[in-house]
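Colleague: Before I rely on the terms used for this model, I should like to hear how each is justified. Could we begin with the surroundings of the ligand?

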Amino acid sequence: MAGAVETDVGARRDARAGAGGHVRRQLRKITEQVLAERTLILASNRGPIEYRRVGGTLRAKRGAGGVVTAVSAISGLANPIWIAAALGPGDRERAVQAGGRPIEETGGGNRYRLRFVTPDPAVYDAYYNVIANPLLWFLQHYLWDTPRAPNIDRATHRAWDDGYAVVNRLFGEAVVDEARRADQPALVLLQDYHLYLAPATIRAALPDALVQLFVHIPWPDADYWRVLTRRMCEAICRSLCACDIVGFQTQRSARSFLRTCESFLPDADVDYRTRTVHLGGQTTRARVYPISIDVNAVRRTARSNAAREHGAHFDAQLHRPHQTILRVDRIEPSKNILRGFEAYRLLLEDHPELRRQVRFLALLVPSRLGVEEYGRYLDEINVLVGRINLEFGSDEWQPIEIVTGDDYARALAALQRYDVLLVNPLIDGMNLVAKEGAVLNHRNGVIVLSEGAGAFEQLNHLTLPVWPCDISGTADALYEALMLPAEERHERARNLRQVVEEGDIARWLYDQLVDLRQISSGV
Ligand code: G6P
């Protein structure tokens with residue numbers, strides 16, 4: 001009976017807490033348990049706060065991007081130490097003011113103790129603009145035009161040694177320094193491909209620390225790692241095998257990681273059944289935690305005044321019976337934006353009756369313009385869109401509208417209003433746009449989803465799948481999506497919403513903490 005009362009109270013609390021309420025309660029509980037035994041230290045290249053000098057003052061602004069949003073979810077519960085790179089002069093100035101000690105910050109209901117690592121700008125440039133993006137990013141998204149690139153020459157080796165390795169060492173040393181100051185052993189949560197070499201430094205100094213690195217992007221097949229050099233690949237694998245857990249978005253990536261370790265670390269013992277690597281007395285587990293969105297927070301932002309204003313603007317533009325195909329992406333070659341437009345062009349060619357009845361709205365966010373390939377990609381997009389608009393457009397109808405800029409509220413407003421959402425990346429760690437669309441859309445919109453997106457492992461049967469290079473297949477899927485009967489659209493949309501609500505960001509963190517706690521208590 002007591003159990004029933006408890007359940008009932010819990011259920012009411014869950015309803016108040018919104019999506020994933022019960023997981024949030026469990027998350028709070030396990031966070032408390034873990035923190036009773038360990039000091040939490042997070043590290044990511046981009047931190048939760050960026051400082052800019054405005055006139056006489058240093059202003060704090062929320063750090064951009066999905067990684068910060070996801071990892072921030074734990075800050076509301078734990079007040080972690082968060083180590084990040086100083087990205088601009090404002091961050092460096094703030095770091096100097098703090099004298100190497102953590103800076104107490106709050107923002108969006110979260111509390112952080114933020115510590116910057118402050119590499120020399122030239123060192124940071126080699127780490128970020130030569131090795132992390134593009135070398136590793138292109139490798140992990142299969143983007144290299146391998147007959148021609150990458151050419152790993154002396155300059156690349158220098159960027160590796162004097163850039164990537166140096167910044168990783170700085171991160172590792174900052175973690176060790178903070179861990180030594182704490183009165184409990186550390187739990188270190190490292191984020192992403194920028195920090196592959198940090199675990200080796202941390203493990204060498206802190207044998208008792210619990211160390212996890214989560215890889216937010218795909219882990220390609222072992223063979224493709226040969227576009228690197230043996231010593232780089234080996235250094236990455238060895239360092240990752242200093243972790244207790246290496247986390248991935250998908251089963252596919254976790255399997256590839258095991259195969260990569262087996263291929264390039266002759267002294268490693270890989271067990272595919274338990275998904276572990278044993279190397280020099282350390283056991284490393286390859287685990288899968290599909291990242292997600294904070295459903296409640298996304299819905300709150302979608303109800304904000306800014307989003308409402310954008311929504312009203314979009315509504316004023318829509319004249320029924322127009323249907324809107326939407327895409328929301330960083331301007332990024334792995335997002336496969338060009339083939340998406342080619343598929344739309346084919347759709348208009350095959351189905352003249354759709355002309356003037358549909359439009360394609362593309363919200364594109366400029367990204368990494370310091371890397372040459374990104375600027376070129378944007379130029380190609382503009383040329384192609386110009387061609388399609390010229391070929392099919394008229395005074396009354398513009399087939400494709402591109403809106404560039406980084407405006408999250410605008411993106412969420414658009415996601416409420418699509419009839420078809422095109423998410424066709426060549427390959428993608430997860431793709432949170434698909435999940436945001438699933439919970440926000442008001443029109444029973446259909447998602448056309450690439451099988452290369454990490455999100456496909458969870459959403460597959462509820463979307464219309466496409467293979468990313470198959471332009472005619474994508475055109476057919478767009479047509480099918482536009483024509484899907486109302487009842488089926490409704491059914492799919494409802495199920496999609498439910499799947500994403502259940503797999504909220506709280507679940508991502510919770511599953512990691514459960515596994516880490518088990519290791520910590522030697523279970
Ligand atoms: C994307 C990826 C993340 C990555 C981030 C880096 O969001 O999904 O895995 O960490 O890009 O972006 P940045 O703008 O910091 O280079």
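Modeller: Ala, Val, Leu, Ile, Met, Phe, Trp, Tyr, Cys and Pro count as nonpolar, Asp, Glu, Lys and Arg as charged, and the others as polar. The model is a predicted one. Its ligand shell divides into five nonpolar, three polar and four charged residues.

Colleague: What makes a residue part of the surroundings of the ligand?

Modeller: One of its heavy atoms must lie within 4 Å of the ligand. The residues around the ligand include R46, V67, W137, H216 and R330. Helix 6 (residues 121-140) contributes the most to this shell, namely three residues.

Colleague: Why is the approach of Y128 to the ligand called a polar contact?

Modeller: The term requires a pair of N or O atoms within 3.5 Å. An N or O atom in the Y128 side chain is 2.3 Å from an oxygen atom of the ligand, so the pair qualifies. For D192 the corresponding distance is 2.5 Å, and for a polar side-chain atom of R368 it is 3.1 Å. The protein buries 78% of the 390 Å² that the ligand exposes when taken alone.

Colleague: How do you know that strand 16 and strand 17 pair?

Modeller: Pairing needs at least two bridges. Strand 16 (residues 420-423) and strand 17 (residues 446-450) share four bridges in the parallel sense, and therefore they pair. One bridge joins V420 to V446 in strand 17.

Colleague: Why are strand 15 and strand 18 described as standing at the edges?

Modeller: The open sheet has six strands in the order 15-14-13-16-17-18. Strand 15 (400-404) and strand 18 (464-466) each have a single partner strand, so one side of each lacks a neighbour in the sheet.

How values were computed:
Residues numbered from 1 in each chain as written. Predicted model: local features only at pLDDT ≥ 70, side-chain atom pairs only at ≥ 80, totals over all residues. Heavy atoms only, no water. Helix = DSSP H or I, 4+ residues; strand = E, 2+ residues; numbered from the N terminus. Polar contact = N/O pair within 3.5 Å; in protein donor to acceptor, adjacent residues only side chain to side chain. Areas by Shrake-Rupley, 256 points an atom, 1.4 Å probe, with all protein chains shown as cover.
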